[in-house]
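Look over the protein shown here. Keep the sequence at hand as you read.

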Amino acid sequence: MPDNHKQNFKQISRRAVLGTAAAMAATPALATGCPIGPPAHEKGPKVWMDMDQVELDAAYDQAAYAPLIGQIQKRFATSSETTRARLGAPKRLAYGPTPIEALDLYPAKTPNAPIFIFIHGGRWLFGKSKDYGYPADLFVNAGVNYVALDFIAVDAANGDIRPMADQVRRAIAWVFKNAASFGADTKRFYVGGHSSGGHLCGVALVTDWQRDFDLPADMVTGGLLMSGIYDLKAPRLSGTRSAYIKFDDDMEQSLSSIRYIDRLRAPITVTYGGFESPEFQRQSREFASAVKTAGKPVELIEAPSFNHFEMCESLGNPYGPNGLAALKLMKLA
């Protein structure tokens with residue numbers, strides 16, 4: 001190509017690129033990107049703190065603050081499949097009489113290893129242990145038995161969260177009682193949960209294990225509470241959650257772990273993402289603050305650039321906020 005043609009080609013290409021960029025910037029759909037938070041609306045009466053009903057509903061709707069929720073959850077499933085391809089299928093063990101009362105055990109490669117029990121989230125409605133196998137890579141490689149629980153969903157429990165909490169408690173008790181059968185060390189016994197699983201984990205951590213299960217009161221060595229809910233008052237007021245959960249006074253009171261901090265026996269780590277909804281951030285900060293005020297050991301971690309589902313995914317990464325927090329909690333970092 002002659003030199004003058006090359007020069008014209010460069011100029012035309014540069015003008016075309018600049019013109020395209022300007023057109024993209026001027027297009028509202030491209031300039032605004034994905035909307036985050038509650039939809040545009042006229043401010044209504046305050047329902048909770050400074051929030052009106054629309055804002056409170058959005059604060060308990062993860063899709064409003066993490067619009068790519070579907071893509072990330074699909075990655076949970078595919079990442080879990082590749083983990084099983086590396087580690088092999090987990091042992092499927094029953095902790096109760098119904099089919100859903102079972103767990104996946106990814107055993108450590110060495111005997112007398114610690115235990116980490118994971119309680120999945122999913123708005124109390126969704127989730128299966130098989131889609132939360134991906135953190136097993138981190139735990140098994142660190143010499144830890146990784147356990148992912150299955151339990152009843154709230155719709156199958158007629159809108160009641162209490163059967164879910166009961167099954168989670170019984171699953172944790174079963175693992176403790178049967179740890180010797182898979183060579184695990186109950187002196188290093190950890191539990192963790194994310195989102196609604198973080199709520200159920202909080203409930204488990206304030207359980208009176210001695211009174212209710214005839215187990216050591218301090219049997220849990222440490223807890224990792226990830227992006228959870230620790231007081232049910234605000235979710236009860238939200239149309240998002242009350243649409244399918246039949247909240248009542250007893251459910252709110254008995255399953256709000258922040259109201260039973262006197263029963264907390266284990267040191268805990270509380271984590272949340274800076275891109276989570278304002279309510280999930282507040283719940284985490286206030287729970288950690290209440291534990292600290294009570295004089296009990298707690299670490300609060302904010303991951304500034306993570307949304308709700310990225311926080312969950314980070315449990316499988318030894319350098320991610322939750323993966324690193326888990327390793328530090330178990331003194332394996």
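The report below goes from the overall fold to the sheet, the rings, the empty spaces and a few single residues.

## Overall picture

This is a predicted model. The protein has 333 residues, and 49% of them are buried. Its secondary structure comes to 15 helices and eight strands. Along the principal axes, the C-alpha trace spans about 85 × 55 × 40 Å.

## The sheet

How many strands does the open sheet have, and in what order? There are eight strands, in the order 1-2-4-3-5-6-7-8. Their pairing is mixed. Strand 1 (91-94) and strand 8 (298-303) stand at the edges. Each has a single partner strand, so one side of each is left without a neighbour in the sheet. On average, neighbouring strands are turned by 20° against each other, direction ignored.

Take one pairing in detail. Strand 7 (residues 268-273) runs parallel to strand 8, and six bridges join the two. At one of these positions, T271 has I301 in strand 8 as its bridge partner.

## Aromatic rings

The structure holds 11 aromatic pairs. Two of them are set side by side here.

| Pair | Centre to centre | Angle between planes | Class |
|---|---|---|---|
| F76 and Y134 | 5.3 Å | 25° | stacked |
| W209 and F213 | 5.3 Å | 40° | tilted |

Why is the pair of W209 and F213 tilted? Its planes stand at 40°, so the pair counts as tilted. Planes must be under 30 degrees apart to count as stacked, and over 60 to count as edge-to-face.

Now place the pairs in the chain. F76 sits in helix 5 (residues 69-87). Y134 sits in the loop between strand 3 (113-119) and helix 6 (136-141). The two are 58 residues apart, and their pair links distant parts of the chain. Both F76 and Y134 are buried.

W209 and F213 share one element, helix 9 (residues 209-213). They are four residues apart, about one turn of the helix. Both W209 and F213 are buried.

Ring pairs also build a cluster. Its members are F76, F118, Y132 and Y134.

## Pocket and cavity

Where is there empty space? Rolling a probe the size of a water molecule over the atoms shows where such space is left.

Start with the largest pocket. Its volume is about 330 Å³. The lining has 20 residues. Which of them lie nearest the centre of the pocket? They are Q73, G122, F126, Y132 and F309. One of these, Y132, also belongs to the ring cluster. Helix 4 (62-65), helix 5 and helix 14 (308-313) each supply at least two residues of the lining. By type, the pocket lining divides into seven nonpolar, eight polar and five charged residues.

Next comes the cavity. A search of the whole structure finds one cavity of 30 Å³ or more. The largest cavity holds about 60 Å³ of space. Its lining is made of L205, T207, W209, A217, D218, V220, R263, R265 and A266. These residues divide into five nonpolar, one polar and three charged. W209 appears in this lining, and W209 is also part of the tilted ring pair.

## Helix 15 and what follows

Is helix 15 (residues 321-329) largely enclosed or largely open? Seven of its nine residues are buried, so the helix is largely enclosed by the rest of the structure. The buried residues are P321, N322, G323, A325, A326, L327 and L329.

K331 lies in the segment after helix 15. K331 counts as exposed, at 74% relative accessibility. Its phi is positive, about 60°, although K331 is not a glycine.

## Two more residues

R123 also has a positive phi without being a glycine, and the value is about 65°. R123 lies in the loop between strand 3 and helix 6. That loop also holds Y134. R123 is partly exposed, with a relative accessible area of 27%.

Q62 lies in helix 4. Is Q62 buried or exposed? Its relative accessible area is 5%, so Q62 is buried; the cut-off for buried is under 20%. Q62 and F189 are 127 residues apart in sequence. In space, their C-alpha atoms are 30 Å apart.

Note on methods
Residues are numbered from 1 along each chain as its sequence is written. This is a predicted model: local features need pLDDT of at least 70, side-chain atom pairs count only at pLDDT 80 or more; totals for chains, interfaces and linings use all residues. Side-chain values use heavy atoms; hydrogens and water are left out. Rings of Phe, Tyr and Trp (its six-membered ring) pair if their centres lie within 6.5 Å; planes under 30 degrees apart count as stacked, over 60 as edge-to-face and the rest as tilted. Buried means under 20% relative accessible area, exposed over 50%, partly exposed in between (1.4 Å probe, protein chains only). On a 1 Å grid over the protein atoms alone, a cavity is a set of points where a 1.4 Å probe fits but cannot get out, and a pocket is an open set with protein on both sides within 12 Å along at least five of seven lines; lining residues have an atom within 4 Å of a point. Grid points are joined across faces, edges and corners, and a volume is the space filled by probe spheres set on the points. Ala, Val, Leu, Ile, Met, Phe, Trp, Tyr, Cys and Pro count as nonpolar, Asp, Glu, Lys and Arg as charged, and the others, Gly among them, as polar. Two strands pair if DSSP finds at least two bridges between them. Axes are lines fitted to C-alpha atoms, for helices over the stretch in contact, and angles run from 0 to 180 degrees between N-to-C directions.
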